[in-house]
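Here are a few short exercises to work through with the model open beside you. Try each task before reading its solution.

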Amino acid sequence: MAAGSAIQIPSRLPLLLTHEGVLLPGSTMRTSVDSPRNMQLVRSRLLKGTSLRSTIIGVIPNTSDPISDCDDLPSLHRIGTAALAVQVVGSNWPKPHYTLLVTGLCRFQILQLLKEKPYPVAEVEQLDRLEQFTNQHKSEEELGELSEQFYKYAVQLVEMLDMSVPAVAKLRRLLDNLPREALPDILTSIIRTSNQEKLQILDAVRLEERFKMTIPLLVRQIEGLKLLQKTRKPKQDDDKRVVSIRPGRRINHITSTAEDEEEEEDHDDVVMLEKKIRTSSMSEQALKVCLKEMKRLKKMPQSMPEYALTRNYLELMVELPWNKSTKDRLEIRAARILLDNDHYAMEKLKKRVLEYLAVRQLKNNLKGPILCFVGPPGVGKTSVGRSIAKTLGREFHRIALGGVCDQSDIRGHRRTYVGSMPGRIINGLKTVGVNNPVFLLDEVDKLGKSLQGDPAAALLEVLDPEQNHSFTDHYLNVAFDLSQVLFIATANTTATIPPALLDRMEIIQVPGYTQEEKIEIAHRHLIPKQLEQHGLTPQQIQIPQVTTLDIITRYTREAGVRSLDRKLGAICRAVAVKVAEGQHKETKPDRADMGEGEDCREHVTEDTKPESISDTADLALPPEMPILIDFHALKDILGPPMYETEVSERLSQPGVAIGLAWTPLGGEIMFVEASRMDGEGQLTLTGQLGDVMKESAHLAISWLRSNAKRYQLTNASGSFDLLDNTDIHLHFPAGAVTKDGPSAGVTIVTCLASLFSGRLVCSDVAMTGEITLRGLVLPVGGIKDKVLAAHRAGLKRVIIPQRNEKDLEEIAENVRREVTFVLASCLDEVLNVAFDGGFAVKPRVERLNSKL
Ligand code: ADP
């Protein structure tokens with residue numbers, strides 16, 4: 001059935017009602033069939049039919065809602081297209097439906113509807129492609145002119161497309177081969193037209209009318225393509241032209257101009273970037289790399305992912321402070337004053353920092369060990385680092401290393417990775433914008449290790465003054481000079497710092513504070529800071545020293561001051577509410593809901609009369625200024641005290657002694673408990689102990705067994721063999737914390753001596769020291785922190801090994817005044833002090849055995 005030849009359609013046609021798309025004669029359309037009527041038509045007519053005639057159906061476009069056509073037939077468009085069903089494909093997913101491929105043959109109009117169910121059938125009249133019309137044209141010239149014009153536009157349009165696409169080449173051939181009168185329908189269905197426009201073309205039964213209506217559509221399409229051609233580069237242009245002519249896509253004039261501008265902007269940016277690269281002060285090697293990358297960038301299409309990557313890289317390179325530094329303004333006297341002003345106590349640390357800075361001033365280079373402040377949390381390590389930056393007039397940047405377990409975190413990722421970025425060092429430099437900041441490497445003891453490499457090893461290069469002038473970040477891939485950066489590290493303990501890293505650092509211990517130091521720190525630094533943060537003034541709140549001491553002893557138990565700071569913050573918050581409420585009432589004193597209005601006014605005007613505010617809970621009353629925080633107020637705001645200062649009650653039965661332990665969080669007192677029961681001489685240890693601690697327990701028992709007679713120690717049945725028919729259980733409370741180290745030796749001995757002698761250990765004595773089988777007491781570490789913990793807990797006497805005497809010098813005067821130190825070199829001395837009235841030693845009766 002050639003397009004040009006006449007056709008004859010049956011006079012009765014089954015009707016397929018479509019609601020999307022308009023089929024025009026000469027074109028092909030795929031349509032989905034799922035309404036009951038259309039499904040019936042497909043089943044009983046197309047699938048059963050055998051003759052060609054039975055596959056001819058009438059397609060009626062623009063039928064409204066297909067679902068509602070179950071009962072009443074919707075109003076039908078008068079003109080439709082007779083079509084040949086070329087293909088039927090059925091599917092059950094997601095619901096039963098057919099997909100029909102139909103080719104339009106000619107127009108028809110419905111004369112009369114013959115039946116509606118199960119599918120409509122109508123008597124129709126064919127409107128075009130009839131035998132008598134094919135050769136019969138209206139006034140030849142008029143139509144000739146119109147069709148010529150149409151043909152010209154059609155050719156122009158097709159030639160704007162990419163001829164290398166086979167479909168386009170075929171279309172070009174069809175333009176010449178097809179009869180002109182078939183062209184309007186075919187081209188309308190190819191170019192971008194709305195359903196409404198297609199419907200108008202379908203309704204244009206007269207050929208002349210059809211030509212006239214199609215020409216503007218062609219012109220519109222041509223104009224659109226021209227615009228596109230202008231905005232696209234040659235290659236992209238061609239692609240887009242092919243795409244854009246397909247129906248369903250619109251040429252968006254506005255977007256294309258916006259894209260145009262964006263592209264130009266981008267181009268400008270690239271030019272700017274190149275200029276910046278050339279004028280930047282980066283190293284020669286870096287400049288070379290950047291220019292090479294720039295060259296690549298210019299050749300790259302912007303849509304390539306690598307474009308953004310390269311651009312980011314170049315932008316970072318330009319931003320890095322290759323040669324930009326701040327001028328050091330170091331004056332040792334001023335530095336001393338500043339350090340003293342910012343931090344109370346910590347004399348040893350401040351002294352060492354000043355020495356370090358003085359050497360720097362004289363020598364003007366940084367080739368020295370990296371300072372590493374080691375101490376419990378909240379003792380001001382970070383804050384000293386910040387002060388050092390301030391004294392030098394340098395930028396400060398903190399790099400938190402806690403939990404870092406990938407060396408790329410330090411050194412950056414290679415640029416081959418998606419999402420690659422520089423490491424923290426380079427990032428930090430970019431952030432501060434100068435090449436000589438103070439970098440605080442916080443928590444170096446908490447560096448992790450993983451399959452992604454060892455970050456500590458990467459840090460080695462950063463911290464080594466011999467190497468770090470050419471530090472190469474994987475992302476940058478060129479060397480960056482870090483020699484001007486002042487590195488300071490902090491840690492809670494040296495035990496977990498990798499030895500190689502430790503080797504490059506000078507450790508400065510920052511021990512915890514005494515109660516007196518904490519009170520001073522609170523009043524000089526923490527309280528003023530908290531008041532400022534909460535918008536309060538000393539006229540509004542008063543925290544006397546006894547209250548601070550109460551907070552320190554009863555609400556916190558820490559080596560540093562962080563928790564204290566938080567508690568002070570909580571008090572300030574509570575007071576801020578009171579003050580704000582008071583102000584609120586001051587501004588509206590005669591509020592109707594204020595029952596005792598006069599009363600209230602009295603309070604407000606009475607102002608600054610300091611008085612204890614034990615009734616802080618009653619927020620209905622305006623506060624009297626300044627609000628004094630006494631013990632009652634404290635209890636009201638912070639709740640009941642969390643810690644007891646008195647430890648004496650705890651030692652109310654034999655078999656308990658107080659030891660002193662050192663943890664990365666500072667010193668702690670530790671109650672060692674022991675009990676005995678019938679058994680077979682087993683020793684049970686509980687409380688998460690390390691191997692060394694277990695050994696200490698065995699040592700202690702052995703020593704006691706060997707000295708049982710001397711001290712008159714017996715088991716339950718009165719035997720000097722302490723383990724005879726007896727089991728011993730030793731427990732170290734706070735079971736969640738792993739404890740290890742030899743320093744609990746003396747405490748275990750004392751605890752067991754108490755258990756077997758049935759005597760109570762003095763409640764005010766704490767002790768620490770390693771023991772030997774011979775009963776000697778050996779020195780241990782962390783004496784200062786341990787003594788502070790004992791002092792915090794209100795203990796009056798501390799037994800320490802004789803050889804630790806030198807450590808007492810570091811202990812503050814007031815602590816030394818309040819705590820009595822007993823230096824012990826052997827266990828006899830320890831036991832004598834630990835028990836009231838001494839621990840009797842049965843004098844040895846020296847018997848001379850005569851061998852005669
Ligand atoms: P760290 O780094 O040791 O964990 P921080 O430096 O963060 O502790 O200190 C916690 C808070 O305690 C900071 O607000 C700091 O100002 C304050 N602080 C600690 N020690 C002192 C001190 N000696 N003098 C003044 N403020 C201090």
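**Exercise 1.** In this predicted model, decide whether Pro-376 counts as buried or exposed.

*Solution.* Start with the relative accessibility of Pro-376, which is 4%. Next, recall the cut-off: buried means under 20% relative accessible area. Pro-376 therefore counts as buried. To place Pro-376 in the fold, look at the loop between β7 (370–374) and α14. Finally, check the record: the UniProt annotation "binding site", from an unreviewed entry, covers Pro-376 along with residues including Gly-378, Lys-381 and Thr-382.

**Exercise 2.** Find which residues come nearest to the ligand, then look for polar side-chain atoms beside ligand atoms.

*Solution.* The shell holds 17 residues, and Tyr-344, Gly-378, Lys-381, Thr-382 and Arg-562 come nearest. Now take the side chains one by one. Thr-382 places a polar side-chain atom 2.4 Å from an oxygen atom of the ligand. For Arg-562, the distance from a polar side-chain atom to a ligand oxygen atom is 2.6 Å. Tyr-513 has a polar side-chain atom 2.9 Å from a nitrogen atom of the ligand. As for cover, the ligand taken alone exposes 560 Å², and the protein buries 88% of that.

**Exercise 3.** Work out where the ligand lies relative to the domains.

*Solution.* First, list the elements that give two or more residues to the shell: α14 (381–392) and α19 (515–533). Then sort the shell by class, which gives 7 nonpolar, 6 polar and 4 charged residues. Last, turn to the domains. Residues of the shell come from both domain 4 (332–509) and domain 5 (513–580 + 624–644), so the ligand lies between them.

Definitions and conventions: Residues numbered from 1 in each chain as written. Predicted model: local features only at pLDDT ≥ 70, side-chain atom pairs only at ≥ 80, totals over all residues. Heavy atoms only, no water. Near = heavy atom within 4 Å. Polar contact = N/O pair within 3.5 Å; in protein donor to acceptor, adjacent residues only side chain to side chain. Areas by Shrake-Rupley, 256 points an atom, 1.4 Å probe, with all protein chains shown as cover. Helix = DSSP H or I, 4+ residues; strand = E, 2+ residues; numbered from the N terminus. Nonpolar A, V, L, I, M, F, W, Y, C, P; charged D, E, K, R; others polar. Domains from an automatic or database assignment. UniProt positions renumbered as here; feature names shortened; annotations may be inferred. Buried < 20%, exposed > 50% of the residue type's maximum accessible area, 1.4 Å probe, protein only.
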